[in-house]
Amino acid sequence: MPETTETTILAAAKKVFIKKGYAGARMQAIADEAGINKAMLHYYYRSKEKLFRVVFEQAMMGLIPKLDEALSGNGSVVEKLEKVVRAYVAHIQENEHLPLFVLHEIAQNRIEFIASMKSKAARFPNFPQFFMQIIQEQEAGKIRAILPVHLLLNILGMVVFPFIAKPVFCNVIEIPEADFDSLMKDRADVIVDFMKNALTP
């Protein structure tokens, strides 16, 4: 398969999935966006679901090395979490569809999604080791006591939820999309500042 053709198809699919969602996306629309005919699209990707999975996994697995780099090596818990936040926010800004893709997979293909993630577990950051560092710094009085899982869930929620809720903010609360995107540019700084204050003993 020519790499340029695959890249074009995946980029087109990403645009259509973001604009229409999984349910509203049509293979013909993806073919039109890619500038190819539908028969050629089906030659490369026989179903919308398969194409969706490829686009999703490409975006998802692009995030993992960034998180691994942020949590590896030296650095305090706060320093590592700051790297995680900045890497995560930047990645979602480049791949705004990712949170909705995850929700779709959990809702529609939960068993397959979990199996897929488990098969890639070796590429994930060493979370148990990081959890141990959190506990050690808590015991040393360097950061406030909080269950490591709660800490990561809090950060994940602060990073991901605004992007999931974007349609509500823009269409119901009527915040202009340009203004919302401008807010998201400052999102990492806001989360990091909140996190540092929350963890200060």
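**Asn95, the domain contact and the salt bridges of an all-helix chain**

Leaving aside its neighbours within four places in sequence, Asn95 is in contact with Lys14 and Ala59. This residue of the predicted model makes a good starting point for a tour of the structure. Asn95 is found in the loop between α5 and α6, the latter covering residues 98–108. Is Asn95 buried or exposed? Its relative accessibility is 10%, and because buried means under 20%, Asn95 counts as buried. One of its two contact partners is also joined to Asn95 through side chains: a polar contact of 3.1 Å runs from the side chain of Asn95 to the side chain of Lys14.

From this loop the view can be widened to the whole protein chain. Its secondary structure comes to twelve helices and zero strands, so the string of elements from the N terminus on is simply α-α-α-α-α-α-α-α-α-α-α-α. Along its principal axes, the C-alpha trace spans about 65 × 40 × 30 Å. The chain has 201 residues, of which 40% count as buried. Among contacts with a separation of 6 or more, 68% are made by residues 24 or more positions apart.

The chain is divided into two domains, with domain 1 taking residues 5–55 and domain 2 taking residues 62–199. How many residues does each domain give to the contact? Domain 1 supplies eight residues and domain 2 supplies eight residues. Taken over C-alpha atoms, the centres of the two domains are separated by 28 Å.

The size of an interface is often given as the accessible area lost when the parts come together. Here, domain 1 and domain 2 bury about 720 Å² between them, and 63% of this area is on carbon and sulfur atoms. In domain 1, the residues that lose the most area to domain 2 are Lys14, Phe52 and Arg53, which together account for 60% of what that side buries. Lys14 is thus met again, having already appeared as the side-chain partner of Asn95.

What kinds of pairing cross this interface? The rule finds zero salt bridges between domain 1 and domain 2, but it does find two residue pairs in polar contact, both at pLDDT 80 or more. On the side of domain 1 that touches domain 2, the elements giving two or more residues are α1, residues 3–24, and α4, residues 48–71. The residues on this side divide into five nonpolar, no polar and three charged.

Salt bridges do occur elsewhere. Side chains of opposite charge can pair when their charged atoms come close. A search of the whole structure finds eight salt bridges, and three of these pairs are described below.

In one of them, Lys15 pairs with Glu33, and their closest N and O atoms are 3.7 Å apart. Lys15 lies in helix α1 and Glu33 in helix α2, which covers residues 27–34, so this salt bridge ties together parts that are 18 residues apart in sequence. Lys15 counts as exposed, at 52% relative accessibility, while Glu33 counts as partly exposed, at 42%.

Another pair is formed by Lys166 and Glu177, whose side chains meet in a salt bridge at 3.3 Å, N to O. Because Lys166 lies in helix α10 (residues 166–171) and Glu177 in helix α11 (residues 177–185), the pair ties together parts that are eleven residues apart in sequence. Which of the two classes, buried or partly exposed, fits Lys166? Its relative accessibility is 10%, so Lys166 counts as buried, whereas Glu177 is partly exposed, with a relative accessible area of 49%.

A further salt bridge joins Arg86 to Asp189, with the closest N and O atoms 2.8 Å apart. This pair links distant parts of the chain: Arg86 is in helix α5 (residues 77–94) and Asp189 is in helix α12 (residues 187–199), 103 residues apart. Both ends count as partly exposed, Arg86 at 34% relative accessibility and Asp189 at 43%. The two residues also belong to a wider group, since salt bridges that share partners join Glu82, Arg86, Asp189 and Lys196 into one network.

Conventions:
Residues are numbered from 1 along each chain as its sequence is written. This is a predicted model: local features need pLDDT of at least 70, side-chain atom pairs count only at pLDDT 80 or more; totals for chains, interfaces and linings use all residues. Side-chain values use heavy atoms; hydrogens and water are left out. Domain bounds come from an automatic or database domain assignment. Contact means heavy atoms within 4.5 Å. Buried area is the accessible area (1.4 Å probe) that two parts lose on being put together, summed over both. A salt bridge is a side-chain nitrogen of Lys or Arg within 4 Å of a carboxyl oxygen of Asp or Glu. A polar contact is a pair of N or O atoms within 3.5 Å; within protein, one must be able to donate a hydrogen and the other to accept it, and residues adjacent in sequence count only if both atoms are side-chain atoms. Helices (H or I, at least four residues) and strands (E, at least two) are DSSP runs, numbered from the N terminus. Ala, Val, Leu, Ile, Met, Phe, Trp, Tyr, Cys and Pro count as nonpolar, Asp, Glu, Lys and Arg as charged, and the others, Gly among them, as polar. Buried means under 20% relative accessible area, exposed over 50%, partly exposed in between (1.4 Å probe, protein chains only).
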